[in-house]
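Q: Could you take a close look at one part of this protein for me? I would like to follow a single residue and then the empty spaces in the model.

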Amino acid sequence: NNEIFITQENRIPVSFQWNFPEELVRSVNLEIAGDRQFSRVILRKTFTGTTTAREELAPGVYYWRLSAINEESGKTEFSETRKINVVFNSPVRLVSPERGGKILHTGLQRNVNFSWSENELAASYTLDVAADNDFNNIIHSVGTPLRRITVEGLEPGTYFWRVKSHINTGGQDIVKKSDFASFNIESAAVYNPLRIVRPVDG
C-alpha cells in the first residue's frame with residue numbers, strides 16, 4: 001500500500017484504523033517510522049480499547065505498523081507494514097486579472113487574458129469563470145495544460161474566477177481549488193472617427 005495525502009499546510013491529520021481479536025490482545029502499539037526497517041521511529045503509541053487513531057504528520061514518506069502481545073503465546077506479533085506519502089501541494093496563485101481589477105472593453109474587443117502560477121504537482125488545470133462567488137452559476141469553464149488562457153465574449157459585469165489543479169499521483173485523481181478573485185468588465189466609450197462634412201467632395 002502507498003496511500004497519498006496531499007496538504008497545503010505544514011502538517012495534516014491522518015486517520016489510522018485497525019482491528020484485532022479482543023480475546024487474544026489487550027492493547028495495540030502503533031508505530032510510525034521514516035524507513036521500512038523502523039530504525040527511525042517517529043512515533044510509538046499504545047492504545048487500549050480502541051481501533052482508531054489520528055496523528056498529524058508533516059510532508060514526507062512514512063511507514064507504519066501495529067504490534068501487540070499475544071496473550072496465549074506471550075509473544076509480540078507484528079502486522080504488515082504500510083506506506084504513507086504526505087505531499088505538500090503549493091496552491092495556485094491567481095495572477096491576472098488582478099483581484100478587483102477593472103477591464104475596459106470596446107465594442108470590438110471582448111477578450112480577457114487569465115494567468116496563474118504553477119502547481120508543480122498538476123497535470124492540467126481548469127479555469128472557472130462565474131457570476132457568483134459560490135460558483136453556482138459558472139459561465140465559462142475550460143481545461144488546459146497551460147498557465148494562461150484567453151476567454152472571449154464576456155459581457156460587461158462583475159465576474160469571479162478560480163483555477164482547479166488536477167493532480168494524478170499514485171493512481172489517485174485529486175482536484176485542488178485555488179482561492180477566487182473578482183474582476184469587472186466595463187464598456188469603454190467608442191468615438192466615431194473625424195468626418196468631413198463640407199464642402200462636399202467634388
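Leaving aside its neighbours within four places in sequence, which residues is Thr7 in contact with?

A: Happy to help. This is a predicted model, in which local features need pLDDT of at least 70 and side-chain atom pairs count only at pLDDT 80 or more, while totals for chains, interfaces and linings use all residues. Residues are numbered from 1 along each chain as its sequence is written, and side-chain values use heavy atoms, with hydrogens and water left out.

Beyond its neighbours within four places in sequence, Thr7 is in contact (heavy atoms within 4.5 Å) with Ile12, Pro59, Val86, Val87, Phe88 and Asn89. Thr7 sits in strand E1, residues 2-7; strands (E, at least two residues) are DSSP runs numbered from the N terminus. Thr7 counts as buried because its relative accessibility is 5%, buried being under 20% relative accessible area with a 1.4 Å probe and protein chains only. A polar atom of the Thr7 side chain lies 2.9 Å from the backbone nitrogen of Glu9.

One of the contacts of Thr7, Asn89, also lines the largest cavity, together with Gln8, Pro91, Val92, Asn119, Val163, Ser165, Lys176, Lys177 and Ser178. Strand E15 (157-169) and strand E16 (172-177) are the elements that give two or more residues to this lining. On a 1 Å grid over the protein atoms alone, a cavity is a set of points where a 1.4 Å probe fits but cannot get out, and a pocket is an open set with protein on both sides within 12 Å along at least five of seven lines; lining residues have an atom within 4 Å of a point. The volume of the largest cavity is about 30 Å³, a volume being the space filled by probe spheres set on the grid points, which are joined across faces, edges and corners.

E1 also takes part in a pocket: along with strand E2 (12-17) and strand E8 (82-88), E1 gives two or more residues to the lining of the second largest pocket. That pocket holds about 160 Å³ of space. Among its 11 lining residues, Glu3, Phe5, Ser15, Trp64 and Arg82 are the closest to its centre, and E2 supplies the largest share of the lining, four residues.

The largest pocket has about 210 Å³ of space. Of its 15 lining residues, Phe20, Val25, Ser67, Ala68 and Glu77 lie nearest its centre, and E6 gives the most to the lining, with four residues.

Terms used
Buried < 20%, exposed > 50% of the residue type's maximum accessible area, 1.4 Å probe, protein only. Polar contact = N/O pair within 3.5 Å; in protein donor to acceptor, adjacent residues only side chain to side chain.
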